[in-house]
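Take a look at the structure below. This report walks through one residue, two pockets and one sheet.

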Amino acid sequence: MRIAVTGSIATDHLMTFPGRFADQLVADQLHTVSLSFLVDNLDVRRGGVGANIAFGMGQLGTRPILVGAAGFDFDEYRGWLERHGVDTDSVRISETLHTARFVCTTDSDHNQIGSFYTGAMSEARLIELKAVSDRVGGLDLVLIGADDPEGMLRHTEECRSRAIPFAADFSQQIARMNGDEIRILLDGATYLFSNEYEKGLIESKTGWSDAEILAKVGTRVTTLGSRGVRIERVGEDPIEVGCAEEERKADPTGVGDAFRAGFLSGLAWGVSLERAAQVGCMLATLVIETVGTQEYQLRRGHFMDRFTKAYGHDAAAEVQGHLG
């Protein structure tokens, strides 16, 4: 099963200021702020929802096709993804712009000052999925993840016109989208991904009820935080899968991306929706135990031991033969 993952490709530059921002602000001079903070640490992390999901699928051995736009500074990141099983040949490289970047400074009170540079991500709207499909011999599913909004709309419309099954996954972009845009992006989706809060926001912005949305998509997948995930299809009982037990909780960033990576890998293997969700929840647990969205290691034996403990021997037997 050939799965293309569209979505943002970015790097995070995270810094720590040992003092308090509040101590540096003069109340009657806020209209002319000019400050520079001497920071103690700089942590550069690879990210972007498209790259995060593709990385997880690569770890599981499913060789996803990453589709997105990056800058002329992408070479090192490309090498990292390729080493971890991701096909990056369909990433568009901008001739003039840097890869999207989030720059953030956190003070001792955990307040943050950050900026997001869109950069090359804005060129995702120029990517033609037909060229991707022709290169790999056809696409069985396209995940349309958070990216340049115009790019998301174009990918969705192209999937419809070319009869390519697609999964709608608005993620961070849902806040800036209006009801009309969300209706376009989800109508006819084979899968609709969201967390529980986003689920309510989708219904509020579109004016469609839960039942109406479910009738417009094949399968609705809603992550429930620490309670796991719920999968719904018209005329069928919901499937609920709990989370695997955590060894520690280090950083929740990227947990949703990891779930999607595991779930899509399960689809690629041809296992049931329940098994796919279990793989997603297990991978998400590895991510929450690690600082950084692509810093975890998937060791086959360790993964299967924990998967068996969480979901039983029968589930493990179905999954084990597929795990790369």
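Is Phe102 buried, partly exposed or exposed? The model is predicted, and its coordinates give a relative accessible area of 28% for Phe102. Buried means under 20% and exposed means over 50%. Phe102 is therefore partly exposed.

**Around Phe102**

Phe102 sits in strand 7. Which residues does Phe102 contact, leaving aside its neighbours within four places in sequence? They are Thr11, Asp12, His13, Leu14, Gly114, Ser115 and Phe116. Asp28 is another matter: 74 residues separate Asp28 from Phe102 in sequence, and their C-alpha atoms lie 30 Å apart.

**Two pockets**

Here are the two pockets side by side.

| Pocket | Volume | Lining by class |
|---|---|---|
| Largest | about 1,100 Å³ | 18 nonpolar, 18 polar, 10 charged residues |
| Second largest | about 280 Å³ | five nonpolar, seven polar, four charged residues |

Start with the largest pocket, at about 1,100 Å³. It is lined by 46 residues, and the closest to its centre are Thr253, Gly254, Val255, Gly256 and Asp257. Strand 2 (10-16), strand 3 (41-47), helix 1 (49-59), helix 8 (255-269) and helix 9 (273-288) each give two or more residues to this lining. Helix 8 has the largest share, with five residues.

Now the second largest pocket. Its lining has 16 residues, and Leu14, Arg45, Gln112, Asp251 and Thr253 are the closest to its centre. At least two lining residues come from each of strand 2, strand 3 and strand 7 (100-106). Strand 2 gives the most, four residues.

**An open sheet**

Strands of a sheet pair through backbone hydrogen bonds, either parallel or antiparallel. One open sheet here has eight strands, in the order 4-1-9-10-11-12-13-14, and its pairing is mixed. Why do strand 4 (65-67) and strand 14 (239-241) each have one side without a neighbour in the sheet? Both stand at the edges with a single partner strand, so one side of each is left free of a neighbour there. On average, neighbouring strands of this sheet are turned by 20° against each other, direction ignored.

Look at one pair. Strand 10 (residues 166-168) and strand 11 (residues 191-195) run parallel and are joined by two bridges. Ala167 has Tyr191 of strand 11 as its bridge partner.

A helix packs on this sheet too. Helix 6 (residues 196-206) touches strand 11, strand 12 (219-223) and strand 13 (229-232). The direction of helix 6 makes about 115° with that of strand 11.

Key. Residues numbered from 1 in each chain as written. Predicted model: local features only at pLDDT ≥ 70, side-chain atom pairs only at ≥ 80, totals over all residues. Heavy atoms only, no water. 1 Å grid on protein atoms, 1.4 Å probe; cavity = no way out; pocket = protein on both sides within 12 Å on 5 of 7 lines; lining within 4 Å. Points joined across faces, edges and corners; volume = space filled by probe spheres on them. Nonpolar A, V, L, I, M, F, W, Y, C, P; charged D, E, K, R; others polar. Buried < 20%, exposed > 50% of the residue type's maximum accessible area, 1.4 Å probe, protein only. Contact = heavy atoms within 4.5 Å. Pairing = 2+ DSSP bridges. Axes fitted to C-alpha atoms, helices over the stretch in contact; angles between N-to-C directions.
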